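Here is a short note for someone opening this structure for the first time. Please keep the model open beside the text and look up each residue in turn.

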Amino acid sequence: MAKKKYYVVWDGIETGIFDSWEKCKSVTKNYPQAKYKSFMTLEMAKEAYSKSYYDFAGKKIFETSLSKEDLLKIGNPILDSISVDAACSGNPGIMEYRGVHTKTKEQLFIMGPFENGTNNVGEFLALVHGLALLKKNGINLPIYSDSRNAISWVKQKVCRTNLHKDESNQKLFELITRAENWLKSNSYQNEILKWETKAWGEIPADFGRKQ
């Protein structure tokens, strides 16, 4: 069953918010340069209608499919925090990872590209890199990751990857060993938190390469 959408018409035979494509089409089809866009929720449609069409035209707008009850349970992210993420072209493939300040998106570190890596390995290394950086600077901020695997591996202090080691990724495995050793020889107070993508959209450290 198709999800219901709401259609905002800023410029058409009639303007307003319509709850079906048929109604939207009837007021825009024969109208020169009609301006309209669909939204998943009535709340987002109302917000969009109160603003300019050009605030939304051609832009990817995040809209959650979660209920208000679910969103209340999840709450909001802690903005004064660090967010980490990895990107990998292929699996395995060329991998890199980085960390940013969650609120400002200021990039704090970036590593790679590394040959013959995986996204999970990158997420693991990004978390450990972030923890080490925060400890070095005496900063007790939480750190977000959208990878349950990486969070679990960090808590277990071991990178449980099935990635095959060869000459092309030798440097990557050296970093994995360093990260595991750091976890085993260091303690930290920083909370490691799961980024709730379905509620908040892509993690701020995302490389923006998803299709």
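Between which two helices does the loop that holds Lys 157 lie?

1. **Lys 157.** This residue lies in the loop between helix H5 (148–156) and helix H6 (170–185). Helices (H or I, at least four residues) and strands (E, at least two) are DSSP runs, numbered from the N terminus. Lys 157 is not a glycine, yet its phi is positive, about 65 degrees. Most residues other than glycine have a negative phi. Lys 157 counts as partly exposed because its relative accessibility is 34%. Here buried means under 20% relative accessible area, exposed means over 50%, and partly exposed lies in between (1.4 Å probe, protein chains only).

2. **Basis of the note.** This is a predicted model: local features need pLDDT of at least 70, side-chain atom pairs count only at pLDDT 80 or more, and totals for chains, interfaces and linings use all residues. Residues are numbered from 1 along each chain as its sequence is written, and side-chain values use heavy atoms, with hydrogens and water left out.

3. **Asn 116.** Here is another residue with a positive phi, about 55 degrees, that is not a glycine. Asn 116 is found in strand E6. Its relative accessibility is 19%, so Asn 116 counts as buried.

4. **Cis peptide bonds.** Most peptide bonds are trans. The bond from Asn 91 to Pro 92 is cis, with omega near 5 degrees. Pro 92 sits in the loop between E4 and strand E5 (93–101). Gly 112 and Pro 113 are also joined by a cis peptide bond, with omega about 5 degrees. Pro 113 belongs to strand E6 (residues 107–117).

5. **Asp 85 and Asp 206.** An unreviewed UniProt entry annotates both as "binding site". The two are spread over 122 residues of sequence, but they cluster in space, with a largest C-alpha distance of 5.7 Å. UniProt positions are given in the numbering used here, feature names are shortened, and annotations may be inferred rather than shown by experiment. Asp 85 is in strand E4 (residues 82–90). Asp 206 is in the segment after helix H7 (197–200). Are they buried or exposed? Asp 85 counts as buried because its relative accessibility is 2%. Asp 206, at 15%, counts as buried too. Leaving aside neighbours within four places in sequence, Asp 206 is in contact (heavy atoms within 4.5 Å) with Asp 85 and Arg 98.

6. **Glu 123 and Asp 146.** The "binding site" annotation from the unreviewed UniProt entry also covers this pair. They are spread over 24 residues of sequence and cluster in space, the largest C-alpha distance being 8.4 Å. Glu 123 is in helix H4. A relative accessible area of 2% is why Glu 123 counts as buried. Asp 146 lies in the loop between strand E7 (143–145) and H5. Setting aside neighbours within four places in sequence, Glu 123 has contacts that include Asp 85, Asp 146 and Ala 150. On the same terms, Asp 146 is in contact with Asp 85, Glu 123, Lys 194, Trp 195, Thr 197 and Ile 203. Asp 85 thus appears in the contacts of Asp 206, Glu 123 and Asp 146.

7. **Helix H6.** How many residues does H6 have? H6 has 16 residues and reaches 23 Å from its first C-alpha to its last, close to the expected 22 Å (1.5 Å times one less than the number of residues). Its buried residues are Leu 172, Phe 173, Leu 175, Ile 176, Ala 179, Glu 180, Trp 182 and Leu 183. An α-helix has 3.6 residues a turn, so residues three or four places apart point the same way. What do the buried residues of H6 pack against? They pack against E5, E6, helix H4 (119–136) and H5.

8. **Phe 39.** This residue lies in strand E3 (residues 35–39). Phe 39 is buried, with a relative accessible area of 1%. Phe 39 and Phe 207 are 168 residues apart in sequence and 25 Å apart in space, C-alpha to C-alpha.
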